[in-house]
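Okay, thanks for making time, everyone. Let me put the model up on the screen, and then I'll walk you through a few parts of it.

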Amino acid sequence: MTVHTAAQENNLNLPVIQRLDNRDTAFIQYISDVETARRQIYLSGAAGNALKNIAETLTVYSYTVKTDENILTLSAACNMPYSSIATINRISNQGDLAKGDTILLPSVPGLFIPVNPNTEFEFLLNSSRNSDDGILLTINNDKSRTRFLFLPGADFNPTERIFFLNRGFIAPLKTYTVSSTFGPRINPVTGIPGNHGGLDLAAPEGTPVYATREGKVSEQGQDPVLGNYIIISHGSSWSSVYGHLSEIDTVLNQQVNSGSLIGRVGSTGQSTGPHLHFELRQNGTSLDPSGILRNPAK
């Protein structure tokens with residue numbers, strides 16, 4: 001079955017929801033579609049043919065995320081499980097959604113499992129499902145064409161839920177000593193008061209540095225302060241920074257997995273000794289990594 005949500009050949013557009021309240025006629029129709037689908041799923045008793053019929057009623061709407069909205073608040077407003085919103089948009093973590101992102105909102109709850117997974121989370125979803133579990137469909141929008149295995153009424157299992165809700169950032173070094181914390185400090189090289197945007201993790205020269213989470217190498221090179229550095233983008237809102245490296249073991253635009261070797265500890269740039277300068281940024285703002293990292297790299 002093929003579901004055309006925005007057939008490019010006919011220049012059709014997705015129905016657009018401007019606001020998530022009853023002043024928006026598209027939102028009113030969307031909520032009505034969702035309620036109908038939920039009722040059909042409940043009455044079907046998960047029967048195969050019935051679920052196929054339900055899948056054929058799927059309509060996909062478009063919505064642009066506003067300030068202070070996240071996937072959990074969107075789920076509540078739309079009466080749609082966050083697992084459905086996440087999988088149809090190929091979102092691997094609850095933090096990977098930002099203001100201005102245009103997303104798809106399905107009218108039928110369920111899991112949308114990409115036939116060709118390309119993230120750790122999507123491989124996890126695929127590992128416990130097979131083609132007999134759901135209905136194959138294609139969803140087109142103005143940017144991509146994706147083949148999914150659609151499971152109407154399905155939800156994340158406990159392992160998938162933990163993976164999705166956990167920020168999932170691991171420490172970039174297996175062993176280290178925090179030599180400088182996040183926040184106000186006197187610059188140890190210049191002696192000038194300032195704000196330290198990350199953690200300095202002291203370790204011997206050449207110690208392996210690992211990607212804190214899966215992502216894409218968005219920038220790397222040499223900087224007067226950071227020395228040899230790498231920046232990895234993790235979805236639309238998060239990025240991680242690795243500075244003072246003695247060696248860079250990635251290439252620009254490379255896809256990396258959580259725990260992938262990306263470089264070696266050094267003392268390049270503005271540095272008083274071998275250490276890793278490590279930052280976590282959300283929407284470009286540096287946050288204290290010590291409250292976010294969940295466990296050392298393995």
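So, the exposed area comes to about 14,200 Å², and carbon and sulfur atoms supply 49% of that. Keep in mind that this is a predicted model, so everything I quote is computed from predicted coordinates. The protein has 298 residues, and 47% of them count as buried. Along the principal axes, the C-alpha trace spans about 65 × 40 × 35 Å. For secondary structure, we've got six helices and 18 strands. And if you take contacts between residues at least 6 apart in sequence, 68% of them join residues at least 24 apart.

Okay, on to a sheet. There's an open one made of three strands, in the order 1-2-3, with mixed pairing. Strands 1 and 3 are the edges, each pairing on one side only. As a reminder, strands of a sheet pair through backbone hydrogen bonds, either parallel or antiparallel. Here strand 1, residues 16-17, runs parallel to strand 2, and two bridges join them. One thing to click on there is Val16, whose bridge partner in strand 2 is Ser62. On the other side, strand 2 pairs with strand 3, residues 102-106, in the antiparallel sense, over five bridges. In that pairing, Tyr63 has Ile103 as its bridge partner, and Tyr61 stands opposite Leu105.

So why is strand 2 described as largely enclosed by the rest of the structure? Well, strand 2 covers residues 60-64, and four of those five are buried, so the rest of the structure largely encloses it.

Next up, helix 1, which is residues 25-44. That's 20 residues, reaching 29 Å from the first C-alpha to the last, close to the 28 Å you'd expect at 1.5 Å a residue. Which residues of helix 1 are buried? They're Ala26, Phe27, Tyr30, Ile31, Asp33, Val34, Ala37, Ile41 and Ser44. Look down the helix axis and those buried residues fall within an arc of 160°, so they line one face of helix 1. Flip to the face turned away from the buried side, and you'll find Thr25, Tyr42 and Leu43 exposed. And at the start of helix 1, a side-chain oxygen of Asp24 comes to within 2.9 Å of the backbone nitrogen of Ala26.

Last stop, helix 3, residues 71-78. Its buried residues are Ile71, Leu74, Ser75 and Cys78. Down the axis of helix 3, the buried ones sit within an arc of 105°, so they line one face too. What do those buried residues pack against? Quite a list: helix 1, strand 2, helix 4 (82-88), strand 3 and helix 6 (158-165). So the buried residues of helix 3 bring us back to elements we've already looked at, including helix 1 and strand 2.

Then the two ends of helix 3. At the N-terminal end, Asn70 is the cap, with a side-chain oxygen 2.9 Å from the backbone nitrogen of Leu72. Just after helix 3 there's another asparagine, Asn79, which takes a positive phi of about 55°.

That's what I had. Happy to rotate the model to whichever part you'd like to look at.

How values were computed: Residues numbered from 1 in each chain as written. Predicted model: local features only at pLDDT ≥ 70, side-chain atom pairs only at ≥ 80, totals over all residues. Heavy atoms only, no water. Buried < 20%, exposed > 50% of the residue type's maximum accessible area, 1.4 Å probe, protein only. Helix = DSSP H or I, 4+ residues; strand = E, 2+ residues; numbered from the N terminus. Pairing = 2+ DSSP bridges. Expected span 1.5 Å × (residues − 1). Arc of directions from axis to C-beta. Polar contact = N/O pair within 3.5 Å; in protein donor to acceptor, adjacent residues only side chain to side chain. Contact = heavy atoms within 4.5 Å. Areas by Shrake-Rupley, 256 points an atom, 1.4 Å probe, with all protein chains shown as cover.
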